[in-house]
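Welcome! Have the sequence and the 3D view ready, and try each exercise yourself before you read its solution.

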Amino acid sequence: MGDTHNNEGWYLEGVNEAGEHWFVRISASPFTIGRVDTNNLFLRNDGVSRVHAVLEFDPDGRLWLRDGSSTNGTFVNYQRLDPAQPVPLGDGDIIHFAKMAFRCVRREVTQITAPAVAPSPGTTLQPSLQLPETFVAQSQESSLREMLAGCMVQPFFQPIVRLNPAPALVAYELLGRGAHPALPQSPPQLLRIAHALGRIVDLSELWRTVGVKRALELHAPCLFVNTVPAEMAPDFLHRSLGALRTQAPHLPVVLEVHEHAVADVSLMSEVRHLLTELDMQLAYDDFGAGQARLVELMEVPPEVLKYDIGLIRGIDRKPPHVQELVRDLVRMARSLGVLTLAEGIETDEEAAFCVAAGFDLGQGYRYGRPTPDPLAAAA
């Protein structure tokens, strides 16, 4: 018995530790999942039983899931199965084999795109503890489509100030929020949902488009805009940032690139050239959060280097050697002609240290929280 449709197939969608999506076709009936390599889907995870679960098609082509009396359970939409009671599966159902999570999808074969569909018999997937966070319910998928189609997002703005000789507004950072009643407002939660559905670039671009429109209404002196790693292809940036420049021909724009995305010097050189063409500037975000990308900083220096909040928070109370390290990092950047920005300044003591250390710019609750109407907040 098998899937009776020639142009459609049932798949288990998984995500590996690198965040790449894999689609394993359910190409046999029965189709076994377990920890030994004789299964159709071989899961390298100690929490998975030898034959953990079985998938089968009935004569009408419906797909059923049965738990194989597993030790740690099989779950459908977070409900544990009774081994004696198989359940039918629907498109979009979330399945857990112990702690390994998958989404059941029914799609036309042509709709399954890269990463390539993995072979079914003997397919091996490594475990990833992050898997449960990467899937969303069908209701959220529908709501996200509505949010993107209806531009149901709200831009927030946080002030960036010049620190010397006295704090003075020089720019806003654009921060997006959700505005769909069935979805969270929080950017990290929305980004996880969008990532799971392959729409993270669409969401990021929508936040910029809506935010730039509002920034023009606010007569923003300069706007820092964010990117996600999936947007860092030069062809995409040329189209997306070109549209932004057409939308706002005279608005000073600084493109923030996360530290982890700047390791490819040749890519950053291309981005740097593109931004120069568009009369935009470059900022490296979260500097010092992981590796301090010193090579890239020297090879492709940005206009602005944003020091991670983890370096700044409580800096006035940190050991002297940590404080001296931060001062050295500031001196190094300034010697390259790069403006330094301290993120996360909340207290007078943190602000005083950053001023004394030579930071050019500051950002944090001491100067203003993210708000949809920074002019009203300032008043």
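**Exercise 1. Prolines in loops**

Where is the place of Pro 30? Find Pro 165 as well, and look at the peptide bond that leads into each proline.

*Solution.* Keep in mind that this is a predicted model.
- Step 1: Pro 30 sits in the loop that links strand S2 (21-25) to strand S3 (31-34).
- Step 2: Going back to Ser 29, you meet a cis peptide bond between Ser 29 and Pro 30, with omega at about 5°.
- Step 3: Pro 165 belongs to the loop between S13 and S14. The bond that reaches Pro 165 from Asn 164 is also cis, and its omega is near 5°.

**Exercise 2. The whole chain**

How many helices and strands does the chain have? Then find what percentage of its residues count as buried.

*Solution.*
- Step 1: Counting along the chain gives 10 helices and 20 strands.
- Step 2: The chain has 379 residues, and 49% of them count as buried.
- Step 3: Now turn to contacts between residues at least 6 apart in sequence: 60% of these join residues at least 24 apart.

**Exercise 3. Tracing the barrel**

In what order do the 8 strands close into a barrel? Follow the pairing from S16 through to S19.

*Solution.*
- Step 1: The order of the barrel is S13-S14-S15-S16-S17-S18-S19-S20, and its pairing is mixed. On average, neighbouring strands of this sheet are turned by 30° against each other, direction ignored.
- Step 2: S16 and S17 are joined by 5 bridges in the parallel sense. One place to look is Val 257, whose bridge partner in S17 is Tyr 284.
- Step 3: From S17 to S18 there are 3 bridges, and these strands run parallel. Here Phe 287 stands opposite Tyr 307 in S18.
- Step 4: S18 (residues 304-307) is joined to S19 (residues 339-343) by 4 bridges, again with parallel strands. Val 304 faces Leu 339 in S19.

**Exercise 4. Helices against strands**

Which strands does helix H3 lie across? Do the same for helix H5, and name the strands it touches.

*Solution.*
- Step 1: Helix H3 (residues 200-217) lies across S13 (153-162), S14 (168-178) and S15 (223-226), and it runs at about 65° to S13.
- Step 2: Helix H5 (residues 265-277) packs on the sheet and touches S16 (253-258) and S17 (281-287). The direction of H5 makes about 135° with that of S17.
- Step 3: Within H5, find Ser 266. Its relative accessibility is 49%, so Ser 266 counts as partly exposed.
- Step 4: Glu 296 is 30 residues away from Ser 266 in sequence, and the two C-alpha atoms are 9.6 Å apart.

**Exercise 5. Two residues with positive phi**

Ser 69 and Asp 286 each have a positive phi of about 55°. For each of them, decide: buried or exposed?

*Solution.*
- Step 1: Ser 69 is not a glycine, yet its phi is positive. Ser 69 lies in the loop between strand S6 (63-67) and strand S7 (74-76).
- Step 2: Exposed means over 50% relative accessible area. Ser 69 has 59%, so it is exposed.
- Step 3: Asp 286 is likewise not a glycine and has a positive phi, but Asp 286 is found in strand S17.
- Step 4: Buried means under 20%. Asp 286 has 18% relative accessibility, so it counts as buried.
- Step 5: Look at the strand around Asp 286: 6 of the 7 residues of S17 are buried, so S17 is largely enclosed by the rest of the structure.

**Exercise 6. The largest pocket**

Which residues lie nearest the centre of the largest pocket? Work out which element gives the most to its lining.

*Solution.*
- Step 1: The volume of the largest pocket is about 1000 Å³.
- Step 2: Its lining has 36 residues, and those nearest the centre are Glu 173, Leu 175, Asn 226, Asp 285 and Asp 286.
- Step 3: S14, helix H2 (187-196), H3, S15, S16 and S17 each supply at least two lining residues. S14 gives the most, with 5 residues.
- Step 4: Sorted by kind, the lining has 16 nonpolar, 10 polar and 10 charged residues.

Note on methods:
Residues are numbered from 1 along each chain as its sequence is written. This is a predicted model: local features need pLDDT of at least 70, side-chain atom pairs count only at pLDDT 80 or more; totals for chains, interfaces and linings use all residues. Side-chain values use heavy atoms; hydrogens and water are left out. Two strands pair if DSSP finds at least two bridges between them. Axes are lines fitted to C-alpha atoms, for helices over the stretch in contact, and angles run from 0 to 180 degrees between N-to-C directions. Contact means heavy atoms within 4.5 Å. Buried means under 20% relative accessible area, exposed over 50%, partly exposed in between (1.4 Å probe, protein chains only). On a 1 Å grid over the protein atoms alone, a cavity is a set of points where a 1.4 Å probe fits but cannot get out, and a pocket is an open set with protein on both sides within 12 Å along at least five of seven lines; lining residues have an atom within 4 Å of a point. Grid points are joined across faces, edges and corners, and a volume is the space filled by probe spheres set on the points. Ala, Val, Leu, Ile, Met, Phe, Trp, Tyr, Cys and Pro count as nonpolar, Asp, Glu, Lys and Arg as charged, and the others, Gly among them, as polar.
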